[in-house]
Amino acid sequence: MSNQNIKGYVFDVEDNTGPRAIITPAEQESVIGAVVKMDGRASFDTAINPSNTINYHWEFSRVPIGSQVALEGFLSLDPDSSVVTFAPDIRGFYEVQLIVDDGSIFSDPFIASVDVSIIVV
């Protein structure tokens, strides 16, 4: 915490500890070929300046052996890439990692998991 003097007034101000990445939901289940939505809009920046823009960096940290989904990447649903989708191509466990930045400080990674199965009819 630091003091900030503005026009003769002194305020206690939290130091910028950087943004925080959050994916909702953090755990989900899906089936092969279904669209899985990953939402990073709960991420936030601890900076005092509310005009700071958050940049979103998505990647797969784990995919089943033989999956091509990492090569295909994500489809962004928002212009700022805060919400993305992907379609799992084989059964298994997928992990998606989100890192956000405010233009100068990067967050720690947040990892969400998706357990994909086969539809049984």
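This is a short talk about one serine, S67, and two sheets in this structure.

Okay, hi everyone. One thing up front: what you see is a predicted model.

Let's start with S67. Where is S67? It sits in the loop between β7, residues 55–62, and α1, residues 69–72. Is S67 buried or exposed? Its relative accessible area is 11%, and buried means under 20%, so S67 counts as buried. Its side chain reaches the backbone nitrogen of V69 at 3.2 Å. Leaving out residues up to four places away in sequence, S67 touches D89, I90 and Y94.

Hold on to Y94, since that takes us to the sheets. Y94 has V114, in β11, as its bridge partner. Strands β10, residues 92–101, and β11, residues 110–117, pair antiparallel over seven bridges.

Those two belong to an open sheet of four strands, ordered β4-β11-β10-β7, with mixed pairing. Why do β4 and β7 have one side left without a neighbour in the sheet? They stand at the edges, each with a single partner strand, so one side of each stays free of a neighbour there. On average, neighbouring strands of this sheet are turned by 25° against each other, direction ignored.

Now the other sheet. This one is open too, with three strands in the order β5-β9-β8 and antiparallel pairing. Here β5, residues 36–39, and β8, residues 75–76, are the edge strands, and each has a single partner, so one side of each lacks a neighbour in the sheet. Two bridges join β8 to β9, residues 83–86, and L75 stands opposite T85 in β9.

That's it from me, thanks!

Definitions and conventions
Residues numbered from 1 in each chain as written. Predicted model: local features only at pLDDT ≥ 70, side-chain atom pairs only at ≥ 80, totals over all residues. Heavy atoms only, no water. Buried < 20%, exposed > 50% of the residue type's maximum accessible area, 1.4 Å probe, protein only. Polar contact = N/O pair within 3.5 Å; in protein donor to acceptor, adjacent residues only side chain to side chain. Contact = heavy atoms within 4.5 Å. Pairing = 2+ DSSP bridges. Axes fitted to C-alpha atoms, helices over the stretch in contact; angles between N-to-C directions.
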